[in-house]
Amino acid sequence: MLLQIKDLKKHYTYKKGILGSQKGLIKSLDGVTLSIEQGETFSVVGESGSGKTTLSKTILKLIEPTDGTIIFDGEDITHADEKKMRQLRTNMQIVFQDPYGSLDPKWTIQRSLEEPLRTHMKSLSQQEMKQRVEHVLSVVGLNPEHAKRFPHELSGGQRQRVVIARALISEPRFIVLDEPVSALDVSIQAQILNLLKQLQKQLSLTYLFVSHDLSVVRYISDRVGVMYLGKMIEIAKTEELFQDPKHPYTKALLSAIPEINANNRKERIVLSGEIPSPRNPPAGCPFHTRCPLRKPECSKVVPEWTSISENHQVACHLFNQQKGE
Ligand SMILES: Nc1ncnc2c1ncn2[C@@H]1O[C@H](COP(=O)(O)OP(=O)(O)OP(=O)(O)O)[C@@H](O)[C@H]1O
Ligand SMILES: [Mg+2]
């Protein structure tokens with residue numbers, strides 16, 4: 001197991017009331033437990049605001065967890081300080097959605113790629129750095145000439161290749177990819193996804209892949225976790241999740257994708273209402289306000305995590321009850 005997180009929480013406080021004298025709580029991440037195997041791609045899906053980016057950043061401790069445990073490669077890093085995290089970040093990298101925003105526009109690609117080496121591998125000579133930059137550019141399908149350019153002189157796909165190169169240059173084992181292809185055209189998306197798959201094989205990388213695009217997730221993942229209002233509500237092997245989803249929310253999400261639905265010929269489930277605000281989350285099951293199958297206990301009791309099979313878990317009262325029968 002490369003990464004294990006247990007009951008991970010990130011709560012923010014905000015001022016409420018007319019005078020702002022009271023404190024409210026936003027539970028952006030509210031007790032997520034999962035493990036990721038070496039070499040695996042684990043994807044996280046969920047609507048906007050479900051907590052995917054909060055999960056990504058908390059795992060890498062770019063934001064501090066409120067509670068819970070993060071174990072990376074057997075080591076508890078929950079309370080690791082900034083110095084320790086700087087060392088660990090040679091092994092743990094992140095790629096964000098917007099390749100333009102994540103590169104400094106005033107820096108050449110060469111300088112952007114050298115930056116992580118200056119932080120993590122101080123002993124390298126100027127010549128060695130240059131060689132590494134050239135090598136990593138070729139790994140992501142760019143050439144040495146691109147190193148001299150500025151971000152605005154590259155296409156969106158090329159910029160995202162540079163961002164991936166920057167994540168790879170310190171030779172990490174684990175990369176969090178938070179919507180890495182969402183800002184790109186569909187044809188470029190496919191190129192970058194194929195590149196990520198190929199690099200994973202070549203360099204035995206482990207990915208946490210965040211996306212709201214289920215077709216992309218189906219293509220890239222070994223296992224998928226579905227988030228709703230800061231909680232994980234279902235985890236399964238990719239094909240099992242797509243063929244046999246259990247949670248009513250997962251069923252609704254999947255029924256909305258035409259190409260997946262065409263095979264299964266299932267009726268589209270249209271959910272009523274919007275995802276509730278995390279400032280005022282529903283009691284009991286977070287999904288009960290929109291669930292077509294809700295029962296009286298759903299608004300009162302938080303459903304337990306139930307195993308359907310070895311690689312399939314769900315948090316839903318429909319399955320708790322079946323188990324007890
Ligand atoms: N620094 C913060 N302070 C207060 N609330 C925050 C903060 N960061 C995130 N949130 C809230 O936490 C919730 C989860 O946000 P997050 O960015 O993790 O969602 P997401 O699933 O990544 O959404 P998207 O698909 O839009 O990227 C949101 O309701 C958001 O408003
Ligand atoms: Mg996000």
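Two strands count as paired if DSSP finds at least two bridges between them, and the helices (H or I, at least four residues) and strands (E, at least two) named here are DSSP runs numbered from the N terminus. The structure is a predicted model, in which local features need pLDDT of at least 70, side-chain atom pairs count only at pLDDT 80 or more, and totals for chains, interfaces and linings use all residues. Residues are numbered from 1 along each chain as its sequence is written, while chains are lettered from A and ligands numbered from 1 in the order in which they are written.

Take the end of the bigger story first: the strands β11 and β12. A hairpin with two residues in the link joins β11 to β12, and the two strands pair in the antiparallel sense over four bridges. Within that pairing, Thr306 has Val314 in β12 as its bridge partner. On to β10, which pairs with β12 (residues 312-315) over three bridges, again in the antiparallel sense; here Ile235 is matched with Gln313 of β12. Strand β10 (residues 231-237) also pairs with β9 (residues 223-228), antiparallel and over six bridges, and Tyr228 sits opposite Lys231 of β10.

These strands belong to an open sheet of eight, and its order is β6-β7-β8-β3-β9-β10-β12-β11, with mixed pairing. At the edges are β6 (92-95) and β11 (305-309), each of which pairs on one side only. On average, neighbouring strands in this sheet are turned by 20° against each other, direction ignored; axes are lines fitted to C-alpha atoms, for helices over the stretch in contact, and angles run from 0 to 180 degrees between N-to-C directions. Strands of a sheet pair through backbone hydrogen bonds, either parallel or antiparallel.

There is another open sheet, with four strands in the order β2-β1-β4-β5 and antiparallel pairing. Strands β2 and β5 have a single partner strand each, so one side of each is left without a neighbour in the sheet. In the pairing of β1 (residues 3-16) with β4 (residues 67-72) there are five bridges, and the sense is antiparallel. Two of the matched pairs can be picked out: Lys9 has Asp67 of β4 as its bridge partner, and Gln4 has Ile71 of β4. That Ile71 also stands opposite Asp76 in β5. Strands β4 and β5 (residues 75-76) run antiparallel and are joined by two bridges. Their hairpin has two residues between the strands, and Asp73 there takes a positive phi near 50°.

Helix α1 has something to do with both sheets. It lies across β1, β2 and β4, running at about 70° to β2. Helix α1 also lies across β3 (41-45), β6, β7 (174-178), β8 (206-210) and β9, at about 150° to β8. For such contacts, two residues count if their C-beta atoms, placed from the backbone, lie within 7 Å.

Helix α1 turns up again around ligand 1. This ligand is surrounded by 13 residues, the closest being Ser28, Ser48, Lys52, Thr53 and Thr54; a residue is near a molecule or strand if its C-beta atom, placed from the backbone, lies within 6 Å of it. Strand β2 (22-36) and helix α1 (52-59) each supply at least two residues of this shell, and the largest share, three residues, comes from α1. By class, the shell has three nonpolar, nine polar and one charged residues. In this scheme Ala, Val, Leu, Ile, Met, Phe, Trp, Tyr, Cys and Pro count as nonpolar, Asp, Glu, Lys and Arg as charged, and the others, Gly among them, as polar.

Now for the helix pairs. Two packed helices are described by the angle between their axes and the distance between the axes. The axes of α5 (residues 156-168) and α6 (residues 186-203) come within 10 Å and cross at roughly 20°. Helices α5 and α6 are therefore roughly parallel; angles under 35 degrees count as roughly parallel, over 145 as roughly antiparallel, 65 to 115 as roughly perpendicular and the rest as oblique. The contact brings Gly156, Gly157, Gln160 and Leu168 of α5 together with Ile188, Gln191, Ile192 and Leu199 of α6. By class, this contact has four nonpolar, four polar and no charged residues.

Helices α3 (residues 109-120) and α4 (residues 126-139) pack at about 115°, with axes 10 Å apart. That makes α3 roughly perpendicular to α4.
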